[in-house]
Amino acid sequence: QVQLVESGGGLVQPGGSLRLSCAASGTIFSIYAMEWYRQAPGKERELVAGVTKDRSTNYADSVKGRFTISRDDAKNTVYLRMNSLKPEDTAVYYCNADILSKTDYRLRKSWGQGTQVTVSS
């Protein structure tokens with residue numbers, strides 16, 4: 001069993017910053033790609049940022065230059081640093097990871113439960 005738990009969401013004013021964390025736990029042999037998605041009310045879930053095991057990153061055009069994704073493999077954790085936040089960044093943020101299980105050595109995609117980010121004055 002693998003569990004992903006996000007934290008760090010909250011209410012912030014426009015122009016402010018937040019750092020989201022997502023920690024993986026359980027029967028983990030290795031973690032490959034780690035990603036952050038978000039879903040705003042009435043909209044589809046969208047990819048925000050991703051980081052591979054070799055630290056290659058990619059970002060949605062809407063967050064380039066403002067958000068930074070990073071990972072700490074010793075802690076099985078992925079982070080999303082969000083600067084210059086805008087009201088349109090308001091959404092539930094979910095982390096996602098491709099995890100190789102150490103019980104059956106199968107690769108599975110796991111999701112966290114989500115953390116709310118609200119950008120409002």
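Before I turn to the loops, a word on terms: strands here are DSSP runs of E at least two residues long, numbered from the N terminus. With that in place, S84 lies in the loop between strand 8 and strand 9, and please keep in mind throughout that this is a predicted model.

The phi of S84 is near 50°, which is a positive value in a residue other than glycine, and at 42% relative accessibility S84 counts as partly exposed. Most residues other than glycine have a negative phi. Y105, in the loop between strand 9 and strand 10, also has a positive phi, of about 55°, although it is not a glycine. With a relative accessible area of 52%, Y105 counts as exposed, because the cut-off for that class is over 50%.

Staying with Y105, a search of the whole structure finds two aromatic pairs, and one of them joins F29 and Y105 edge-to-face, at 5.3 Å centre to centre with 75° between the planes. That pair links distant parts of the chain, since F29 sits in strand 4 and Y105 is 76 residues apart from it; F29 is exposed as well.

Rings also meet charges in this model: the charged end of R45 sits over the ring of W111, 4.8 Å from its centre, while that of K53 sits over the ring of Y32, 5.8 Å from its centre.

Finally, the interior. The largest nonpolar core has 29 residues, and those with the most contacts inside it are W36, V48, F67, V78, L80, M82 and Y93. Among the elements giving two or more residues to this core are strand 3, strand 4 and strand 11, whereas the largest share, five residues, comes from strand 9.

Key:
Residues numbered from 1 in each chain as written. Predicted model: local features only at pLDDT ≥ 70, side-chain atom pairs only at ≥ 80, totals over all residues. Heavy atoms only, no water. Core = buried A, V, L, I, M, F, W, Y, C linked by side-chain atoms within 4.5 Å. Buried < 20%, exposed > 50% of the residue type's maximum accessible area, 1.4 Å probe, protein only. Helix = DSSP H or I, 4+ residues; strand = E, 2+ residues; numbered from the N terminus. Phe/Tyr/Trp six-rings, centres within 6.5 Å; stacked < 30°, edge-to-face > 60°. Lys NZ or Arg CZ within 6 Å of the ring centre and 35° of its normal.
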